[in-house]
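Work through the exercises below with the structure open beside the text, and try each task before reading its solution.

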Number of protein chains: 4
Amino acid sequence: MILTDSLLDFFLETRQHTENICEPLEIEDYVVQPIADVSPPKWHLGHSTWFFEEFILKPHAQGYTIFDTDFSFVFNSYYETVGKRVVRADRGNLSRPSVEKVYAYRDHVTQAIKNFFTENQDQKVNDLLEIGIHHEKQHQELLLTDIKYILGNNPLLPKYSEGFEEHSIERHEMDWISVDEGIYDIGHNADSFCYDNELGRHKVYLHSYKIANKLVTNSEYIAFIDAGGYKKFDLWHAEGWDWVNANNISAPLYWHDVEGTWQHYTLNGLQKIDGDAPVTHLSYYEAFAFAQWKGCRLPTEFEWEAAQECFPWGKRWEWTESAYLPYPGYQKADGALGEYNGKFMVNQKVLRGGSVATPKKHTRSTYRNFFQTGLRWQFTGLRLAK
Amino acid sequence: MILTDSLLDFFLETRQHTENICEPLEIEDYVVQPIADVSPPKWHLGHSTWFFEEFILKPHAQGYTIFDTDFSFVFNSYYETVGKRVVRADRGNLSRPSVEKVYAYRDHVTQAIKNFFTENQDQKVNDLLEIGIHHEKQHQELLLTDIKYILGNNPLLPKYSEGFEEHSIERHEMDWISVDEGIYDIGHNADSFCYDNELGRHKVYLHSYKIANKLVTNSEYIAFIDAGGYKKFDLWHAEGWDWVNANNISAPLYWHDVEGTWQHYTLNGLQKIDGDAPVTHLSYYEAFAFAQWKGCRLPTEFEWEAAQECFPWGKRWEWTESAYLPYPGYQKADGALGEYNGKFMVNQKVLRGGSVATPKKHTRSTYRNFFQTGLRWQFTGLRLAK
Amino acid sequence: MILTDSLLDFFLETRQHTENICEPLEIEDYVVQPIADVSPPKWHLGHSTWFFEEFILKPHAQGYTIFDTDFSFVFNSYYETVGKRVVRADRGNLSRPSVEKVYAYRDHVTQAIKNFFTENQDQKVNDLLEIGIHHEKQHQELLLTDIKYILGNNPLLPKYSEGFEEHSIERHEMDWISVDEGIYDIGHNADSFCYDNELGRHKVYLHSYKIANKLVTNSEYIAFIDAGGYKKFDLWHAEGWDWVNANNISAPLYWHDVEGTWQHYTLNGLQKIDGDAPVTHLSYYEAFAFAQWKGCRLPTEFEWEAAQECFPWGKRWEWTESAYLPYPGYQKADGALGEYNGKFMVNQKVLRGGSVATPKKHTRSTYRNFFQTGLRWQFTGLRLAK
Amino acid sequence: MILTDSLLDFFLETRQHTENICEPLEIEDYVVQPIADVSPPKWHLGHSTWFFEEFILKPHAQGYTIFDTDFSFVFNSYYETVGKRVVRADRGNLSRPSVEKVYAYRDHVTQAIKNFFTENQDQKVNDLLEIGIHHEKQHQELLLTDIKYILGNNPLLPKYSEGFEEHSIERHEMDWISVDEGIYDIGHNADSFCYDNELGRHKVYLHSYKIANKLVTNSEYIAFIDAGGYKKFDLWHAEGWDWVNANNISAPLYWHDVEGTWQHYTLNGLQKIDGDAPVTHLSYYEAFAFAQWKGCRLPTEFEWEAAQECFPWGKRWEWTESAYLPYPGYQKADGALGEYNGKFMVNQKVLRGGSVATPKKHTRSTYRNFFQTGLRWQFTGLRLAK
């Protein structure tokens, strides 16, 4: 349990950080949605604000003045409980509300939360604030990856900033960590904040395995490309092979073959690829095919969690072989918040770790991220197991 | 032939008018593309500028400094001759170049044209300038209709302005104008500016016909709706009937049934429908079905042109029964300008007249506008014949 | 007006001929529908029979016993008046009714018509019989072209027959026929049978033109291919260019590049292409592009009709530049038969002439065939004009 | 290990049984493919034959005469190793080879296998024969379900037979079986035939759970429908909810609301639904939503396997909550047979049990069937857990 004071600070810091992320943008960058998975930055700003208004201010803050009644329609994401939403693929068609108005909305809600929590002593509402903060942190990560997509798919390839470090090199030697067969405890023990999908802590039997102490690097991945990895159907799932061919995939997202040399778009603009940096922007299909080619496999999320203290992690979300499924005894939250996690537990894969885009204090060893198998715009990578 | 001085004035007026149209916009409104047929206003600003740079300044103005070499890629529309273009449906994904930069591009080119034509005496280049001006005027009309679509499909239904008069009432009595059988001369005689598709003047044999002196009004169209016009397959082309059902069409574009009363979005916001104003935002399929229901038909473009002196026109583009085809002896222009008209002469219908969005001096009695049969975002209407 | 006796003979001959066309088929060939435009032969057999049952026997033949009440649902094509139809693209999913049952249906209806017309003296019902016969003749042509598509898209490329002559050579010298400017009478004068779309005879003013006395041949078309015709965007309509690229078109339908030599699938199996035979299985887009490449154009349907006595025709349906539109004073027939022609008069092109698949007595100089611009499975060809 | 003699008998019985399944069909029924997932019966007959020819006769039987060299192209399903295949969705467009020829192909291969195995003593080839037999048995099940789909989607709703018993009633009382927490052994121990995906036997830790001794019945499912189950988004996965709405799902496949009473198409024709029979033809999405509505869940495949001795099973394939993933140490077979299972291990769910369509000796307690989450044409059902 966090005391209200420090929670409020946490809230204000988080709100500020979201706006800091957007600081380098032109107004035009806030508006577009080049693919359905990428939301306009303006929408992230509004939606993370709407969450506080909808779940805290409207039901709990007596006398709160709603900023604009249309916004519950415009900024809902997928909470069917709350009312008809703007269909996701249409977000990029909305020029209004303007960016200026969205910032005014943010200020209005931030101030109202501040006023309300100065006096609030109700733990249940504190818990809602905490989940709202973590929700906004999730959107901070999406903001960065969506901005990267928006700029990285513009033919002018504009830079986002000069100083964003996407690719810290993994300098340590590759080695295999051996883990013994046995029963392991998996999941969060809930002393501190976590999402419902990390609960409850339970036992899993693992057979002995080895897991790499290091992420797969760009130079290893280039070797896979050079060996014809994208042309060998037997390395791929049937569905992955269809994906490769339907989309003409021949390299990770953002890679450009510039006169025979691989370059890639980064938040700092187009750059040479550093062979020692961990490869990123892979789909699950590619991660799987690479592992097959190496005669290895991806770890399960349980293997990852059981071994994670023995290796550094946090720069790439790591694809696992595990499907995103409920843990034993999983209970979804009541009401609209119950839509947060459970309803996505089908046909997605678990990713473990965190990424360069993950805000501080936002990931942990039991955190379960999840995406569909063909998505690549997150800072995804892989670690081998066998 | 227009003298250079007055042509330059015409150019500068036209450039200014384009920017006046955009004056009420927020920056965000310049960026989005809700459907493939609607282009972002930013794109219209850039493309009409690119036309002058590409066809006049680059080939003819010695010493001209290209504003940005990437722009010929970004702002080409469909001129295959000039190089690879941004695929039309992707225009709305481009946040850059920024609106500010596009205005700087406009200023750069406007100034360069001004400098160049102060000294130019070449009639051929004057002709290019004239076509560039008319090209920009065409985009002025599209700008307005695209802005209407962008704002009119936003759930907030923002106004564009307070003073735009979309719906001047047709107060005169409906009557039939009779035209005798015989040979009529059709097409432009080319003393003044016209497009290649209006040439050459030629003879057409018309059988005797009657044509209405008045456009069909909203109240007549409401009677069609009330009589179940959208549910009677025998009024429609097979293709039109499929279009109605696939798109769940039950009224003109922008019409809203607000608690049992028809309202429509206009550039001045949501308004009650005036029964005496001419109906607009119809597809060809709807115009045809309405005419069938009245026991009449649409005029051909030749019937329209032969009779046009006898009735007022210019507030609505009028769908005709004529397919958009070349006139006898049609010759398309050389080079990229030859792509202007000829390559669209299949599976489109001719519209005659002009609309409230048509800029001054831009239409004439021989002007041939053309659109695909399912499109409705122009200020289209209809006039009956029999 | 045809007397009942000879009309009945005409009917019986026509019914027999349909079945003769199907004689070489395996039962399996009757069932499939590889693309939406191609119907299963079984369906043609049933539908042409349904027409007589629905429009003659049910309303006029007292005491007629309906063969199977489900068949009006299964074998309706597009007559919305008559009730809900099987969606066209689903025809190939219907294994029942069996071929045997469909032939029993044919016999039942043929016999009932025979009995009924032995005594019928009503001219109006005679007219219905005549239109039913011509309807079945239209389906005879479609049967052949649909069978060709079914077999020609099977990887085994089975033959339909040994003796079907698709490609009679045009041995005469190519020459231009000159036609004078003036008023010409166009359309059918209705002494004998014709469709409603050929009426009424009317005047058209034609400017002077030249039209080829010969169809374009395979060797001329190969020259177009060899000159890069499929890669030169400026020869094509914008829509045609999209069609070429979306479908990877590089030759007429059924052409195969067999080790550097063009061969084509014919009803007699895969054969070498004869350079002197008229090219066939072209879309309108291809016919137009070829004409552009030759510096010529396609004739209008009026130019074709005015000149047709001066050249041989009838082996290829010839694409014209004319859109399929109603003639002046066009009146569609009452009731369901009114759906025969009028509702297709949008976004299609007129073809004139006839083809090797056209049954005897089925085409004439005023006959207006029509197809959408991208279709190629008919025996289509072209004749140049200028 | 099975001795060659009894294996050959097993082979001959299996071949005969396939043909018995097809005995009630009309030739036309062998040809069609109403949806991509359903293959034409003709194709199953050919493909199961091709398997023996390709993997046994061609590589091992000296002097074997290939029946038709084109057939390896026509009857391959998805074995990329073996060559270019007919795209799956095109199978229903192939009228040739004829049914008669496919039966001749079957006879040719059956006889050749018989001759070859009369003398063969090689265990490795015996193993291939065994896998080929099991492969054909899998296709026997698909044959029945595909035939059901072909006939059940025909508007005439023809019967397949009079005597096929789809719906044996579960008469025993519903009760919960309790299973203790602990380590369980899962997977096949490989003394007898199994597929590679059932190997190797391994330990799984299960927390205590309860599993129903009985399948969910039609009357329970009707209660779910009546309670608005298809209209309550909170019972569904997000993806399931989209599936319901995109496909307008409101009941299991083959159910018809006939004047207010539920009937369903069965292999014996349209019949009243028996409330006591186990519900079938559900997607995973529906099974999950039903379980949610009951306050329960689906068992995992491990829970199912650990408890299966305590309840009757085998009439319905039972959806589990488990994703289809490799067991620890999973090794796919070498060569083309390695494509049998492993490449489908993504985005599918495991089903356990067997169905009324499963041939004798074909399922077992470790058998892992798998389908995509939206498929319903198998005899799928569900069992609750909590």
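Four exercises with worked solutions follow, all on a predicted model.

**Exercise 1. Strand β9 of chain D**

Determine how many residues of strand β9 (residues 349-353) of chain D are buried, and which strands pair with β9(D).

Solution. Begin with the accessibility of the strand: β9(D) is mostly covered, since five of its five residues count as buried, the cut-off being under 20% relative accessible area. Next, sort the residues by direction. In a regular strand the side chains alternate between the two faces of the sheet. In β9(D), D:K349, D:L351 and D:G353 point one way, while D:V350 and D:R352 point the other way, and the residues of both sets are buried. Then turn to the partners. Strand β8 (residues 317-323) of chain D pairs with β9(D) in the antiparallel sense over four bridges, and within this pairing D:W317 stands opposite D:G353. Strand β10 (residues 369-371) of chain D also runs antiparallel to β9(D), joined to it by three bridges, and here D:V350 is found opposite D:F370.

**Exercise 2. The two domains of chain A**

Describe the interface between domain 1 (7-153) and domain 2 (176-385) of chain A, and identify which element gives the largest share of the domain 1 side.

Solution. Start from the overall arrangement, in which the centres of the two domains of chain A, taken over C-alpha atoms, are 27 Å apart. The contact involves 29 residues of domain 1 and 27 residues of domain 2, and the two domains bury about 2,700 Å² between them, with 64% of that area on carbon and sulfur atoms. Now consider the polar component: zero salt bridges are found across this interface, whereas 12 residue pairs, both at pLDDT 80 or more, are in polar contact. Finally, assign the domain 1 side to its elements, of which α1 (4-22), α2 (41-60) and α5 (123-152) of chain A each give two or more residues. The largest share, 17 residues, comes from α5(A).

**Exercise 3. Chain B against chain A**

Work out which three residues of chain B supply the most buried area against chain A, and how many salt bridges are counted between these chains.

Solution. First set the extent of the interface, to which chain B and chain A give 26 residues each, and in which about 2,300 Å² is buried, 61% of it from carbon and sulfur atoms. Of the area that chain B buries against chain A, B:E28, B:R96 and B:L156 supply 31%, more than any other three residues. The count of salt bridges between the chains is two; one of them links B:D29 to A:R96, with the closest N and O atoms 2.6 Å apart. In addition, eight residue pairs, both at pLDDT 80 or more, are in polar contact across the interface. On the chain B side, the elements that give two or more residues are α3 (71-74), α4 (99-119) and α5 (123-152) of chain B.

**Exercise 4. The surroundings of A:N197**

Decide whether A:N197 is buried or exposed, and identify the side chains with which its own side chain makes polar contacts.

Solution. Locate the residue first: A:N197 lies in the loop between β2 (182-186) and β3 (202-206) of chain A. Its relative accessible area is 1%, and therefore A:N197 is classed as buried. The side chain of A:N197 makes a polar contact with the side chain of A:Y324 at 2.8 Å, and another with the side chain of A:N341 at 3.2 Å. Leaving aside residues up to four places away in sequence, A:N197 touches A:Y324, A:Y327, A:Y330, A:N341, A:M345, A:R368 and A:F370.

Conventions:
Residues numbered from 1 in each chain as written. Chains lettered and ligands numbered in written order. Predicted model: local features only at pLDDT ≥ 70, side-chain atom pairs only at ≥ 80, totals over all residues. Heavy atoms only, no water. Buried < 20%, exposed > 50% of the residue type's maximum accessible area, 1.4 Å probe, protein only. Pairing = 2+ DSSP bridges. Domains from an automatic or database assignment. Contact = heavy atoms within 4.5 Å. Buried area = accessible area lost by both parts, 1.4 Å probe. Salt bridge = Lys/Arg side-chain N within 4 Å of Asp/Glu carboxyl O. Polar contact = N/O pair within 3.5 Å; in protein donor to acceptor, adjacent residues only side chain to side chain.
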